[in-house]
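This report describes selected parts of one protein chain for a reader who is new to structures. Please keep the sequence and the model in view while reading.

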Amino acid sequence: MEHVLHLKCLICGQEYQPDAVAYVCPEHGNEGILDVVYDYGRIAATISPASLATNRETSIWRYKPLLPVAPDTAVPPLAVGWTPLYKADRLAGDLGLQHVWVKDDGRNPTASFKDRASAIAVVKANEVSGEQVSSVKSPRHLVTLPPCHLVTPSPAHPLTITTASTGNAAAALAGLCASVGQPNVIFVPKSAPEAKVAQLLAFGATVLLVEGTYDDAFDLCLQAAAEFGWYNRNTGYNPYMTEGKKTVSYEIAEQLGWQAPDVVFVSVGDGCIIGGVHKGFMDLLALGWIEQMPRLIGVQAAGSNYLAEAWANGEDVLTKTPIKAETVADSISAGLPRDRLKAMTAVTRTNGAFVTVADEEILAAIPALARGCGVFAEPAGAAAYAGLVKAAREGLLQPTDRIVVINTGSGLKDVAAAMKAVQGVGVRPYAIQPKLADVEAVLKPGE
Ligand SMILES: *Cc1c(COP(=O)(O)O)cnc(C)c1O
Ligand SMILES: [Zn+2]
């Protein structure tokens, strides 16, 4: 990995060799999130827009020289990334805008954006598994999994991976692990939507439904990972998750012919995605493949607005206390956003903004987005579009701005919320007998 120079603490700026630290800056503990710093000169010698134009790999791995993995590393087989970018002219027109695209990351293998990060987690876990297994410090290090665990750990992949999640990061990790037969232990809040839990169980993860919030599950997972020696995929802790997430920006730029958009809307919970979006565009600027940094607009639920509040009030996110998060958009419910440093930097350095949307606006955005461009989003995905609607209404955008909205998760992830959303706009199915007359009655009411 000669193209990775070092890992740099976001708080103190201390630089570490990748094998010298596990996850965070030893000086700053859980808050000491690390940024992966690259040698762009070396990268530019192996990849370029011209080489990509003839590259037939249609996944995040088309950008492998820009990722923190060795060139010959084996990668999991699931096709992560290279999701479609749709021009959404009707949506744009309705908002008085000219150029709106929707990047549909619900099209990933486990139906959310999180696959981008989990693919990297599986690769990094395998990199360290050799070292860790040979330096076992206590017998608990290789704790065996309970019998409910369906995936037989293959000898080549002995290290268990763990994460806490509101659901999607977990489903993504479980799916990516299943694709290579790697054991995994998942901590989710008991309230996680059923579809996400079903995915976990189907993929054979060991699922721990925590009686508590995502924040409780996160803290417990960190403790368990340290105690049992598991590889830790947690968002806003493992420095490599941002690196997987940044691939969305490469794709957007490439799909737009290496012309960066003016504005990107993305929903924000922990802040890892928006931090990744920022990192991706920064990489491209450093390489000289794009000429401008888009303004990044972070969209938060009104009931989970830690970052929006900190940004509006100029509060320091290192000292701001957690809030009590509650929103219909479970994927962006975070009382203490774990990647808040990167998220805040993404918005402030790009002259962006945080926008908050109420749960009713989020729910209304589900059918609006689905009808306006054919993309069915879960609440957290639709929230980004709700943010665009609000920003347009509040005059934060120019009609000529080239705008990308990222849908981060499929609507099938949370059918209960989708049903609530369609009821909210007053649509319902018509219950009929299997008779043509009943069809006619529906089509011509009142006759
Ligand atoms: C995780 C997630 C988000 C938010 O990402 P953060 O990195 O937590 O800010 C948004 N939408 C969906 C569907 C997600 O799964
Ligand atoms: Zn530090």
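Two strands pair if DSSP finds at least two bridges between them. Helices (H or I, at least four residues) and strands (E, at least two) are DSSP runs, numbered from the N terminus. The model is predicted: local features need pLDDT of at least 70, side-chain atom pairs count only at pLDDT 80 or more, and totals for chains, interfaces and linings use all residues. Residues are numbered from 1 along each chain as its sequence is written, chains are lettered from A and ligands numbered from 1 in the order in which they are written, and side-chain values use heavy atoms, with hydrogens and water left out.

**Strands and sheets**

Strand 6 (residues 161-164) and strand 7 (residues 184-189) are joined in the parallel sense by four bridges. At one of these places, T163 has I186 of strand 7 as its bridge partner. Buried means under 20% relative accessible area, exposed over 50%, and partly exposed in between (1.4 Å probe, protein chains only). In strand 6, I161 and T163 point one way while T162 and A164 point the other way, and all are buried. In a regular strand the side chains alternate between the two faces of the sheet.

An open sheet of three strands has the order 2-1-3, with antiparallel pairing. Its edge strands are strand 2 (15-16) and strand 3 (34-38), each of which pairs on one side only. Strand 1 (residues 4-9) pairs with strand 2 over two bridges, and K8 has E15 of strand 2 as its bridge partner.

Another open sheet has six strands in the order 4-5-13-10-11-12, with mixed pairing. Strand 4 (85-87) and strand 12 each have a single partner strand, so one side of each is left without a neighbour in the sheet. The twist averages 25° from one strand to the next; axes are lines fitted to C-alpha atoms, for helices over the stretch in contact, and angles run from 0 to 180 degrees between N-to-C directions.

How many residues of strand 10 (residues 263-267) are buried? Five of its five residues are. V263, F265 and S267 lie on one side and V264 and V266 on the other, so to speak, with both faces covered. Strand 10 runs parallel to strand 11, and five bridges join them; V264 stands opposite L296 in strand 11. Strand 11 is also joined to strand 12 by five bridges, again in parallel, and G298 has F354 of strand 12 as its bridge partner. Helix 12 packs on the sheet, touching strand 11 and strand 12, and its direction makes about 110° with that of strand 12.

**Helices**

Contact means heavy atoms within 4.5 Å. In helix 11 (residues 306-313), Y306, L307, A308 and A310 are buried. Their cover includes strand 11 (295-301), helix 12 (340-349) and strand 12 (353-357). After helix 11 comes G314, with a positive phi near 65°.

The axes of helix 13 (residues 359-373) and helix 14 (residues 379-393) come within 8 Å and cross at roughly 95°. That makes helix 13 roughly perpendicular to helix 14; angles under 35 degrees count as roughly parallel, over 145 as roughly antiparallel, 65 to 115 as roughly perpendicular and the rest as oblique. Residues of helix 13 in this contact include I362, A365 and L369, and those of helix 14 include A382, Y385 and R393.

**Single residues**

E251 is found in helix 9 (residues 247-255). E251 is buried, with a relative accessible area of 0%. Leaving out residues up to four places away in sequence, E251 touches I60, Y63, G81, W82, T83, K103 and R116.

Most residues other than glycine have a negative phi, and most peptide bonds are trans. Two residues with positive phi are listed below.

| Residue | Phi | Loop between | Relative accessible area |
|---|---|---|---|
| W258 | near 60° | helix 9 and strand 10 | 18%, buried |
| N351 | about 60° | helix 12 and strand 12 | 61%, exposed |

A disulfide is a pair of cysteine sulfur atoms within 2.5 Å. By this rule the count is zero disulfides. Why does C221 form no such bond? The closest cysteine sulfur, in C177, is 12 Å from the sulfur of C221, too far for a bond. C221 is buried, with a relative accessible area of 0%.
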